[in-house]
Amino acid sequence: MDTANEAQVQIRLVAKQKKYEIPDAPIVVPQQLQRYGLSEIVNHLLGHEKPVPFDFLVDGQFLRDSISGYLKAHDLSAENILTLEYVESMLPPTEIASYSHDDWISSIATASAERFVVGSYDGIVRVWNAQSECESELRGHESAVKCVAAASLEPTKRSKVEIVSGSQDQTAIAWGSKSGQRKALYVARGHTDSIEAVAINPANTHFVTASADSTIRFWSLAVPKESEDAQLEEQDVAPAAKKRKGASAITKAAVGTLSGHVGAVTSVCFDTDHEHHVYSGGWDHSVRTWDVASGVNVATSLCDKVVLDVDYSQHSRLIATGHADRAVRLWDPRTSDNTVVKLRLTSHKGFVSSVAWAPSSAYMLASASHDGTIKVWDVRSRTPLYTVAAASASDADKKLLALDWHQQSLLLAGGESGSLRIHSVNSQYTDEPNRAHE
């Protein structure tokens, strides 16, 4: 191609991944180059026989246009040297397995490297292993299971409780192994409406539940030696939420109650850097920060639509939320201006029911929607890296309600179809947990 008369620009190519480093001396390239042309140059300089696809960032944002287009959009002179950071591109996620359930899947949690926990509208909590075998069917709830959480399996944090599930029956059940079988260790009572979300703190000492009764309750994870019915009486718990006739599991009462939301609380998660901080979202269009030790609502951020899910990243220290207006929003809980959304991501065509940060990346985020798709985002770009539709025609356009990562290599999703969809993700797409956005 004749480039003699083409507009050119000097660029400097840099990489944080050592295996892809090249001398960062400036080179002259045509301004019309886009990602693919730049990727060819990097592969040539690296001497790759088999090309590796790369993405390019300028000032921390993905280059989604030509270099010329970027210069014009940012009113930059072509006389300046433009520094481009290149990173290995993520390959498209592919569906590798599907586990069938009898009813809608409401919630998913990764229990370990080999096990997944799934909550379903048939009232059963199921534990699956990597061999596509259902190891346990945990029965104890009297209505649909709306949420599940798995305790950490780190040896220093090991708890008798392996799983906590919440239900429309207004109870949360803690499950663990007894005599070689998983059984209910206790039933947490106190809410007066459906439990919509549950989260266990990283230290495996406490958990929180969010409810349609507009409250969040804070509980000790430890198994009580005897039922705490007297405490429930003191808390003036409604009869429907008290121990039902014939129930055999030990009853647990909450340590505290967090009140402030107006309407249902749909989601809750712990701040993994400050375990006494909890984030919640609800029908009142608010994202709230709580100090569970004092019971104080320390910050409230407002938006235009109902909050359906919330997740915190220990690497970026950002909160991601899914909404009824089909958007994903990012919030910085460290800012003093609680009305400012750091980033708004739009691409879904239905409610965003679930969001989940990748466990080893400050930038990768996944979202699931009522439009039946999963979207994988790098938050340095406003457009999704990939949109993943169901592989099976029977699952197409069925609402997705739940999403979770398994380490960095698998993405799990489920919903209306009753299928637990398991997707393989390019595990090389990682970045060092360097506290992005510090």
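Colleague: How far is the sulfur of Cys 269 from the closest cysteine sulfur, and which residue holds that one?

Modeller: Happy to start there! In this predicted model, the closest cysteine sulfur belongs to Cys 147, and it lies 13 Å from the sulfur of Cys 269. To call a pair a disulfide, we want the two sulfur atoms within 2.5 Å. The pair is therefore too far apart for a bond.

Colleague: Is Cys 269 buried or exposed?

Modeller: Cys 269 counts as buried, because its relative accessibility is 8%. The cut-off for buried is under 20%.

Colleague: What about Cys 303?

Modeller: Cys 303 is in no disulfide either; its nearest cysteine sulfur is that of Cys 269, 15 Å away. With 14% relative accessibility, Cys 303 counts as buried too. For the whole structure, the number of disulfides is zero.

Colleague: Let's turn to the inside. Which residues have the most contacts inside the largest nonpolar core?

Modeller: That core has 21 residues, and those with the most contacts inside it are Ile 11, Leu 13, Leu 38, Phe 56, Ile 67, Leu 84 and Tyr 86. Two or more residues each come from strand 1 (8-14), helix 1 (35-46), strand 3 (54-58), helix 2 (67-73) and strand 5 (82-88). There is also a second, separate core of 17 residues, with Val 161, Ala 174, Ile 195 and Ile 200 among them.

Colleague: Which residues does Tyr 86 touch?

Modeller: Leaving aside residues up to four places away in sequence, the contacts of Tyr 86 include Leu 13, Val 42, Phe 54 and Phe 56. Tyr 20 and Glu 21 are also among the residues touched by Tyr 86.

Colleague: Now strands, please. How should I think about their pairing?

Modeller: Strands of a sheet pair through backbone hydrogen bonds, and the pairing can be parallel or antiparallel. Here, strand 7 (residues 105-110) and strand 8 (residues 115-120) run antiparallel, joined by five bridges. They form a hairpin with four residues between them. To find one partnership in your viewer, look for Ile 105, whose bridge partner in strand 8 is Ser 120. Strand 7 is mostly covered, with five of its six residues buried.

Colleague: What is the strand order in the open sheet of four strands?

Modeller: The order is 28-29-30-31, with antiparallel pairing. Strand 28 (352-357) and strand 31 (386-388) are the edges, each pairing on one side only. On average, neighbouring strands of this sheet are turned by 20° against each other, ignoring direction.

Colleague: How many bridges join strand 29 to strand 30?

Modeller: Five bridges link strand 29 (residues 364-369) with strand 30 (residues 374-378). Try finding Ser 367, which stands opposite Lys 375 in strand 30.

Key: Residues numbered from 1 in each chain as written. Predicted model: local features only at pLDDT ≥ 70, side-chain atom pairs only at ≥ 80, totals over all residues. Heavy atoms only, no water. Core = buried A, V, L, I, M, F, W, Y, C linked by side-chain atoms within 4.5 Å. Buried < 20%, exposed > 50% of the residue type's maximum accessible area, 1.4 Å probe, protein only. Contact = heavy atoms within 4.5 Å. Pairing = 2+ DSSP bridges. Axes fitted to C-alpha atoms, helices over the stretch in contact; angles between N-to-C directions.
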